[in-house]
Each structure stands twice: as C-alpha cells, then as structure tokens.
Amino acid sequence: MNERQVSNFEYAPAPESTSIVNIKSEYGLFINGKFVAPKSGKRFATINPATEEVLSKVAYADLADVNLAVNAARSAFTKTWSKMPPAERGKYLFRIARILQERAREFAVLETLDNGKPIRESRDTDIPLAAAHFFYHAGWADKLSHAGMGTNPKPIGVAGQIIPWNFPLLMLAWKIAPALATGNTVVLKPAETTPLTALLFAEVCQQAGLPAGVVNIITGDGVTGSHLVNHPGIDKIAFTGSTGVGKAIARAIADTNKSATLELGGKAANIVFEDAAIDEAVEGIVNGIFFNQGHVCCAGSRLLVQENVQDEVIEKLKRRMSLIRIGNPLDKNTDLGAINSAAQLARIREISDSGDLEGAERWSPECELPKAGFWYPPTIFTGVSQSHRIARDEIFGPVLSVLTFRTPQEAIEKANNTPYGLSAGVWSDKGSRILWTAQRLRAGVIWTNTFNKFDATSPFGGYKESGWGREGGRHGLAGYLKAGN
Amino acid sequence: MIVDGSEGSLKQFLRTLPPVDQVGAEGRAAMLATRSIKTTSKNWAIDLAIRMVDLTTLEGADTPGKVRALCAKAVRPDPSDPTVPSVGAICVYNDMVKIARTELDNNGGQNIPVAAVSTAFPSGRASMEVKIRDTKDALENGAAEIDMVIDRGAFLSGRLGEVFDEIKAIKEVCGESAHLKVILETGELVTLDNVRKASYLAMLAGADFIKTSTGKVAPAATAPVVLVMLEAVRDYYKETGIRIGVKPAGGIRTTKDAMKQLVLVNETAGPEWLTPSLFRIGASALLNDLLMQRMKMRDGYYASPNYVTLD
Amino acid sequence: MRIDVKKTYKLFINGQFPRSESGRVYEVKDSKGKFLANPAQGSRKDLRECVVAARGAFSGWSSATAFNRGQILYRVAEIMEGRSEQFVAELVAQEAISASAAKLQVAKAIDTWVWYAGWTDKISSISGATNPVAGPYYNFTIPEALGVVAVFADGKPSLLNMVAGLAPVIASGNTAILIASEKYPLSAITLAEALATSDLPAGVVNILTGKAGELVSWVGAHMDIDGVDASGLGKKQLTELKVAGAENLKRIHSFNELNSPLRITSFMESKTVWHPIGV
C-alpha cells in the first residue's frame, strides 16, 4: 500500500545557482602540469544525469597518452618529488586542502551537475571530506617514521589510480592525498561519466604550484584504465570499483612486481536488534541505503531486523521513506538525486526485477519522477531470503532488501554469508552486544548505532572479495610505502 | 495504555519505551535544519509562525502598562499592515491575567486566549495546595490556557507517581474550560531519554500540550529535544488516536529558528500538527524578526528595527 | 623624514592585551644598547588571571575535534607567515643576529608550528592502543589532554624555542601560559598578535613577559597548573619548580629536541577503558 504525505507546507523550489561554475566546452588531458590535447584527437561527452544535457567534451586518452602521463609521473618522481624534503611536500598538500576549502561551493555544484547527487550531499559531505583528507595527509608527509613501516620507509614510486563515479572528488582525494604525502607521484583516471571535478582539481594543483608531473589526470574509459594497469612504468595500482574489474586487475599484475590496493563491492548487512533506539535506527537504515542514491560500496543494502520488532521498524521505515524528496539534484531540499547513468539504471532495474520474480514484496512511496534523466524511486523488498538475487548481488542503487533473524547468532551467520566483507551496521542499546556483534562480523568497517560515517583518520577497506588494503588513517599509508630503516 | 495510575505500572511502562540515541537524534535534527524555505513557502510559514506565537512577558518587573502594550501588539503586530495575522496567545503571570483579558477584549482580540503560567512557575517548588490555588486563580481571572511546570526534583529522584499525580490534579482543576500545557523543563532533564519518558508521563496524565521549557533555564528548546517530543506525540497518536500539542519555548529568536521548528513538525509529527491548536512557539523577540522578514519578502529589501514597534 | 608609530608591548591574557595589573614595565634594549621597548612586567596576579583564563578555555579546546584544532593551528602558521618581516626585525634587534639568520629562524619556527599542527589528528594513532587482554573485554587506551600547562621558553633562538614549547602543548587540547624569555620578549607578543587573529579561542594561550625568574616559584606553587615545560629554566630554578610543584604533582618536563611527538605526549594522560563483550 502506498502512503502519501499530504502537506500544506510545500517547500518551494530552492535551487543552488550554477553561475559559480565555469565549465569549458572541452577539456584536454592534464599531463606534466598542463592541459594537452589527446594524441588521437578523440573526445567524448559527459552529461548531467538529471537532465541528460551534455555538460562538456573531455579527452579520450589512448595508449600514447597513457605513456606520456606515466613518463611525466616517473620523471617528476625521480627528479623532483623524491628529492624534496618531506615537510615541503606536506606544504603543497596543505595548499591544496586550503584551495579546495576556498573553492568548495564551486566544486560542490560541479559534482552535482556531473554526478547527479543532491547538492546538499556534495556540499555537506563530499567536498568537506575531500578537503579534510588532504589536510590530514599533509601532516603525515614529514612524520612517516611513525607510520609503522620502519624508521625510514620509502615511497613505492609511480602509482596508477583508477576511481569510480559515485564520489568522484572524494575518491580522488582518497587516492592522491596519501600517495603524494608518502612521496609517490600519480597518474589518475577518473570514471568515464564523472570527469569534471577531477579536471577542476588539476586547476587546483596549478594554483597550488604543485611541481609538474606529480599529479597527472587522464580521462578515458575501461580500455584507458587497462593500459594504465598494464603499463610497465607503474609500480603500484590503486583501484576502487567493481569486484569483477578488481579481480581482472589482480590477474593482470600477477606476473609483475606491481602491488595493488583494491576497494571493491559490498552487500552490507545492517543489523537492527530489538533493543535498538528505533527512531535513530530507522534514520540509519535510510541513510545506509538511500544516501547517494545507494551508489555506495559500503551501503547497508541488507536490513537484518530482529523478527520481534520487524513490524514496528518496517512501519516507521515506510513512513520515513515517504518523506524522501526525489528530484532536481541542484535543489537544496532534494534528498535523492539521479541515477548516474542509463547503464546503471538498467542494472538496477534488472536486479530489482528479479526480486519481484523471486517472490519478494516490493514497496516504494508514491513519488513523481522527472521526465528527463535517470531516476529510480526509493524501494524496499520485504520477505527476502538469503537465496534471492537481491540479497546476494550488489545492486548499487536505492533498493533495500529486508531479511529477519531470531537470535544474535543467526544475525551473524546471515550477515557473514556473502563473499563480500566491506561493511556492516549494528543497532542496539546494549554496549556488550554491540561489541560482541562487531567482534564476530567479518567486515572491514563496522558502524554501530550509526552508518556511512567517514573520516580521514579512520581506515576503510574490506575483507574477502571486497578488496585488499585500507585507505585513510595510519593504516592507509602502508599501501604507498616500502618498509625501511 | 497499560498504565493503571499506580507508580509501579507507570515505571514499568516508561521502561519499555525505546531508547533515544543522542548522536543519532542530533544528526536527524541537523539534517532537517538544512531545509531551505523560500518564496511562497516562506511567506506561508512566516504567517503561520506568527499565528503560533504565544507572545510572552514573564518578568518580575512586569507592570499593567507593559502587559497592555503587549496585548495591543498581539492583536495588531504591525499597525501599518493589516494583513499581518494576530498571534496565538498572550502568556503572562497569574496576576496579570485579568488585565490582559480586558485589554484584549477591548481591542478586537477576543479570539486570542490568555495563557497563565502557574504551579509556582518557574521552579515548581511549592505545596500542592498552593499550586492548585495558583491555577484556580488564573482560571477565575480569565485564563483559557494553563502552562504548568512539572516537579523536576521528583522526576530526577524517581518519584514518577508524584509527577503524574500533580499533572492529573491540575488537569482536573482546568476541566474542559482550559487547556493544559505541561512544561518539562528539558534543560534540567538533560538526557533525551528523560525527555521521551517525561513526554509520555505528561501525556498519560492528561496534558493537552507538552512544552519544552520555562524559558528561564538554558538550554531550552533545542532541535533534538523538540524532535524527540514530536516523535512522542506522533507515536502517542498512533496508539491512542489522540493528538497532543507541542510548544517549544526559549531560545527561538529569529525567523530562521522558527522555520526550523516548522520543518521539524512537518517531517516528524506531520502536517496535521501545523496549526496553532497543536503547535505554539513561546517567544517575545521572535515576533519582530518575523515581521521584519515578512517586510523583506513583501518589499524585496532588508528591513530595519526602526520599522517594527517595540511593543 | 617619517617618524614611525612604535608598538606597545603588553601582556596577552584571555584573548586581550592588558597591561600588568602591577603597572610595572621593564626596559628592553637592543644588542647595541639602544632602547627598544618597555614590555609589561608580569606579576603573580597576572599569572593568576592567566590560569583562570586557561582553565576556563580548557573544556572547549580539549573537546574540539582534533581536525578543528589542526585547522586553527595551521591558520596561526598562515598568519605568522604574513608577519615574517616583523618577526625578523625583532630578532635582529634583540638577538644580535644577521637578517638572513633571523629569516632562517622565522622560517624554521613557522615550519615547526606547521609540523605540530599536523600532529593533532595523528597523536592518538601512535600513542593510543587497543589492548588484547586475556578475557572477554574490549580494552582501549586513549590519550587525553592534561589541562593547564605553563611553558618557560628561554634563550636563543628565542622565537623557535617559544614555538617548540607552545605548539605541542596546545595541539593535544591543553591550554597554556607562556612565560616569555626575559631577555628576548618581543617575539612573544608578536606571536600573541598572530594567535589573537587566527580563530584560536580566547584563553587557550596566555602570554606573560617580564622577569621569568620571579614567576618560577609562583608557577610551581599554583595548584591549578597541571604541567610545566621547564626547558628554559636553569638547574637551580628547575629544582625550585619541582619542589614547589610536588604539592599537586605537577608533570614537569624539559626537552632537548625541538620536533618530537614526546613534547605532545608528555603533557597528556592515558585513559584505559574496559567493556565486556557479550550478547
């Protein structure tokens, strides 16, 4: 049954102005401190997924361009960056952090245009976290003897970094900040559908006076990415994206000396015990799966609710879901934005439809979806069992599968019964139960009585097929250092 | 409700209420505070907020002159603009009720109720006899609303039955002729769990409205506190079919503050509560800020305090 | 020929610049014997006010996020960088060093400040721990700010010593009272001006100029001072301080290294918490 909130208090449109951004009609590749045309001359369009209008045309980097970028990074590493006193390296990162803070509004609007996420999220979450990530890592540059990698650890060299489209600038920060702080240089490939904030970041590097070649940004597609992975001049790969591609990378580098950190998919269990603070747990469920349209590797996509509070929780959840405002991402009151691409929308539909076919019960609040653009309503499926595809496959959209459990032990077994192991949530008012559950969950990030919290100081990464290594915190430095004394 | 009026059953019931996670509640309140209320919705909300104001003066130095001036303002907040609605109520001390009622009646304010604070406001430290006498006094002088305080000492030391019985007794004195607001003084209760428990206790004992504060103690009507109280009336309605009102008081000084309150109501208890019969705002300085914002919306440029009356 | 407007050097207490309540000043000459300034001569009552201010500011500063403290400290460095020339001029005048040596010291002082700013959100990663106790308990040790710390920084290089004393103390959330070098006090007040214009909450740092020696026994005996960086004191004064400080078991330390996380952790306490693990 669909419920509709009847409200006289209609929030009038409150659009954020786009006059602050200045999107060029086309971009080059950022190699060796400058924007250069792609060797092939090929470019491809990037669109606003909320309206399908073309925002710009960005360059397509082929093997020749990848070559140029890797050579520039190598040269910068050997001649400049590895010779620079660590404190001075840190100062560049402080500068970058400060400029990101100064231009925060511009970045937020651009991120929303290119990605489709609500302006409130890019303004209040993505951009501040990105700046904080640079700020945190700036301070590590001259303190690496305390990183736990020996008294004199060394950088690995040149890192090839491939990032996804769900948090474009934030994922860029998670890759570039630790790499540079530890003395490496980078070639970064942003996702095909979200290149614009990475290209604007290149301008920030220029404003900060970062030496040429330390950061190189090449736009392209999966083929570009594999050229980067396979390039002999790359010492280390950092990849965030699908598990399938992660495995392909692991295979590709098997007979090389390259190291890799991989941050892959997830199908996190969000466990709500009977003694949870119910209203806050409902907020946490909503945040866990509908934040960023569910395009989150660590999304709480499986609600595991204790059977004796199931009715109360689901009833409150449905009521809460009918308050979700879906629409123009630039509107400051929008809660749920656009799906990032037609391809992703098709994937979401395909897997969700399997839920209907396999006998689960679908529910969405009544909502008006815009005509143009890619949209999916916030959706829950109840009556889901472990064998259902919607309980096993990562949907990467605003779709929650609801399962139940009777005992804590059963919750643990169901939560762990997956090849993934990125994150989990636990809701209970009892401290010892929280810790007991956290102790038994096989996941790299466990949120208790909260969800989707990120901090530069807090290591992030998964068990099992959710990847290798950690990002953030002291632990996150290890992926970019060779131990030494 | 499985409460038979005995302290034992009351304590049992309150223990079964789900806990409140402070950080989570604060997070929800903070997210709702980002709502941007513009243009037509802002116009509508400002007028609604004006209609919800319990225009208040509760000072030792209050005089008949001060109260009369307040009443004139309550009826016609902006003498230069007749489209501005009247406020929700006048809120004064007991011995000013008659003056207020007379002044309102003589100035076209017959529809504006007078709310009196009683039961040894603000501390609540007096005998039950005195509190009942205090309440009767106000009612006899023309108060249609009573804002009572709970005994926080009794609450914090676990004598919940006493708190319950006091509210019940005052509600009996009010009868059908006056509505009873129960002030929880959330600043002294401190935890959100206590706010939830006290809200339920007051509702079970017969409150028509639950109110955050006396305005004499800070912190007063913070967003997380109001959130928890709105959740309580929402859930209470689901269980009983009865809608109880909520009144934040203290610390709400600007239009922005008032907008945040209305958003909290809209997205917690629901739009049914967006009416002065179920939501009031206890304030004094707020009214002028609402008027100045209203002027800005009307004229398109920022107003100055020179153009709103002091009282 | 333009006559310049000379600076008055007052104390820095609770975010403001008062004169000494005693009304005293003392004459500071440059290395050539020429008159430089009459900085305030701080008294025990000024010290008392500093402690009140520092104690008042402690709760807010220590409960600010590490990120927030790091941001503010970095901002101080930005302001100091802008005032480099003033710092250089004062050091040249007081310490009888060349302009290039003074520039080097100022650069090093700013970089040291930045070094400590970068520690705020990392110190608990290296000095905190989860401890694998032999039982079903989650056990963690967390470092916490100590409280009000007095810093005696003396001797050349005066600005650098001051920064190396002050920055680590406040990075972790302590509040501080800096007792400037008696012979080279001017940079301390210019530093105060940088602190006052950088979002640092009032009372987090308080600075007294004057006869440092006079204040040693008062600092030592003050029951509301929790720790002292005594790096700038001679042996006799240090002993005097330790004897007086024993009354409330002040944490008293001296350091040789300018850059060391020990300067942070020495003024922190460790709290270990146990919590059972059970369903």
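In this predicted model, helix H1 of chain C covers residues 44–63. The helix has 20 residues. From its first C-alpha to its last, H1(C) reaches 29 Å, close to the 28 Å expected at 1.5 Å a residue. H1(C) nevertheless contains a kink of about 40°. The kink is centred on C:Ala57.

C:Ala57 is also one of the buried residues of this helix. The others are C:Asp46, C:Leu47, C:Cys50, C:Val51, C:Ala53, C:Ala54, C:Phe58 and C:Trp61. The buried residues of H1(C) pack against three strands and a helix of chain C. The strands are S5 (148–152), S6 (175–179) and S7 (205–208). The helix is H8 (212–221).

Chain A contains an open sheet of seven strands. Their order is S13-S14-S15-S12-S11-S16-S17, and the pairing is mixed. Strands S13 (361–363) and S17 (445–448) of chain A stand at the edges. Each has a single partner strand, so one side of each is left without a neighbour in the sheet. On average, neighbouring strands of this sheet are turned by 20° against each other, direction ignored.

At one edge, S17(A) is joined to strand S16 (residues 423–427) of chain A. Four bridges link the two strands, which run parallel. Within S17(A), A:Thr448 stands opposite A:Val426. In general, strands of a sheet pair through backbone hydrogen bonds, either parallel or antiparallel.

Chain B holds 13 helices and eight strands. Its radius of gyration is 19 Å, close to the 19 Å that the globule rule gives for 311 residues. Chain B is therefore as compact as a globular protein of that length. Along its principal axes, the C-alpha trace of chain B spans about 60 × 45 × 30 Å.

Buried residues account for 52% of the 311 residues in chain B. Contacts in this chain were also examined by sequence separation. Among those between residues at least 6 apart in sequence, 76% join residues at least 24 apart.

Between chains, two pairs are in contact. Of these, chains A and B share the most contacts. Chain B and chain C are joined by no contact. The closest C-alpha atoms of chains B and C lie 15 Å apart.

Notes. Residues are numbered from 1 along each chain as its sequence is written. Chains are lettered from A and ligands numbered from 1 in the order in which they are written. This is a predicted model: local features need pLDDT of at least 70, side-chain atom pairs count only at pLDDT 80 or more; totals for chains, interfaces and linings use all residues. Two strands pair if DSSP finds at least two bridges between them. Axes are lines fitted to C-alpha atoms, for helices over the stretch in contact, and angles run from 0 to 180 degrees between N-to-C directions. Two residues are in contact if their C-beta atoms, placed from the backbone, lie within 7 Å. The radius of gyration is taken over C-alpha atoms; the globule rule is 2.2 Å times the number of residues to the power 0.38. A residue is buried if 20 or more other C-beta atoms lie within 10 Å of its own, exposed if 12 or fewer, and partly exposed in between; C-beta atoms are placed from the backbone. The expected span of a helix is 1.5 Å times one less than its number of residues. The bend at a residue is the angle between axes fitted to the seven residues ending there and the seven starting there.
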